[in-house]
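Subject: Structure handover

Hello,

Here is the structure for you to open. Please look it over first, then read my notes below.

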Amino acid sequence: MTTLLLLLLLGRFDQLIHVPPPDQASRRQILELYISRLTTRGPIDLDQLALHTNGFTGADLFNLCQRAGQLALKIAGTAYESVDAIESVHLWAAVNNTTPSAPKQVVDRYQQWARAATSSRQLQS
């Protein structure tokens, strides 16, 4: 048994709440929010970004935008050069170099663990 399962069985936690990762429409909205705070140049296809970020949490999407900005600075070269905008290419590079923290395998494993914990608690009642 895992430590969390033991804590749940011992009554240390009253509830187990699962917050699933955002779906595609929600990821698009999150990306729209974070990207709207950035200065961008050229078209950025939020629908395609949302489609290719399955398994990304809201925090992952925030970090993705941060990485895109860091990449833009890195590409610019010296600190004396200013980066005036983030482009689509920076965001796609960040997508390709970011591992989602909630891929399907992790979500499936969590749901399996939650079912086991629920079954165990029902047996104790």
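**Helix 2 against helix 4**

Helix 2 and helix 4 pack with their axes 10 Å apart, at an angle of about 40°. Please keep in mind that this is a predicted model. Why quote an angle and a distance? Two packed helices are described by the angle between their axes and the distance between the axes. The crossing of helix 2 and helix 4 is right-handed.

Which residues meet here? From helix 2 come R27, I30, L31, Y34 and I35. From helix 4 come G58, L61, F62, L64 and C65. Sorted by class, this contact has 8 nonpolar residues, 1 polar and 1 charged.

**The aromatic pair**

The structure holds 1 aromatic pair. Y34 and F62 form it, in an edge-to-face arrangement. The ring centres are 5.2 Å apart, and the planes stand at 70° to each other. Why does the pair count as edge-to-face? The angle of 70° is over 60 degrees, and that is the cut-off for this class.

Y34 sits in helix 2 and F62 in helix 4 (residues 58-76), so the pair ties together parts 28 residues apart in sequence. Both residues also appear in the helix contact described above. Is F62 buried, partly exposed or exposed? F62 has 35% relative accessibility, so it counts as partly exposed.

**Helix 4 against helix 5**

Helix 4 also packs with helix 5 (residues 88-96). Here the angle is about 115° and the axes are 8 Å apart. This crossing is right-handed.

Helix 4 brings L64, C65, R67, A68, L71, A72 and I75 to the contact. Helix 5 brings H90, L91, A93, A94 and V95. By class, that gives 10 nonpolar residues, 1 polar and 1 charged. Look at L64 and C65 on your screen. They are listed in the contact with helix 2, and they are listed again in the contact with helix 5.

**Salt bridges**

Side chains of opposite charge can pair when their charged atoms come close. How many salt bridges does the structure hold? There are 4. Here are some of them.

R28 and D47 meet through their side chains at 2.7 Å, N to O. This salt bridge links distant parts of the chain. R28 is in helix 2 (residues 24-36), D47 is in helix 3 (residues 46-51), and 19 residues separate them in sequence. R28 is partly exposed, at 27% relative accessibility. D47 is partly exposed too, at 42%. R28 and D47 also belong to a network of salt bridges that includes E32.

R41 and E87 form a salt bridge at 2.4 Å, N to O. R41 lies in strand 1 (residues 40-41) and E87 in strand 2 (residues 86-87), so this pair ties together parts 46 residues apart in sequence. R41 has a relative accessible area of 38% and is partly exposed. E87 is partly exposed as well, at 26%.

D108 and K104 pair at 2.9 Å, N to O. How is this pair placed in helix 6 (residues 104-124)? D108 and K104 are 4 residues apart, which means that about one helical turn separates them. D108 is partly exposed, at 34% relative accessibility. K104 is exposed, at 60%.

**A proline in a loop**

Now find P21. This residue lies in the loop between helix 1 (3-9) and helix 2. P21 is partly exposed, with 23% relative accessibility. Why is P21 not called buried? Buried means under 20%, and P21 is at 23%, so it counts as partly exposed.

What does P21 touch, leaving out residues up to four places away in sequence? The list is F56, A102 and V107. P21 and N54 are 33 residues apart along the chain, and their C-alpha atoms are separated by 8.5 Å.

**The whole chain**

Last, step back. The chain has 6 helices and 2 strands. Starting at the N terminus, the order is α-α-β-α-α-β-α-α. Of the 125 residues, 28% are buried. Take the contacts between residues at least 6 apart in sequence: 72% of them join residues at least 24 apart. The R41 and E87 pair gives you one place to look, with its 46 residues of separation.

Best wishes

Key
Residues numbered from 1 in each chain as written. Predicted model: local features only at pLDDT ≥ 70, side-chain atom pairs only at ≥ 80, totals over all residues. Heavy atoms only, no water. Buried < 20%, exposed > 50% of the residue type's maximum accessible area, 1.4 Å probe, protein only. Phe/Tyr/Trp six-rings, centres within 6.5 Å; stacked < 30°, edge-to-face > 60°. Axes fitted to C-alpha atoms, helices over the stretch in contact; angles between N-to-C directions. Left-handed = near helix turned anticlockwise from the far one by under 90°. Contact = heavy atoms within 4.5 Å. Nonpolar A, V, L, I, M, F, W, Y, C, P; charged D, E, K, R; others polar.
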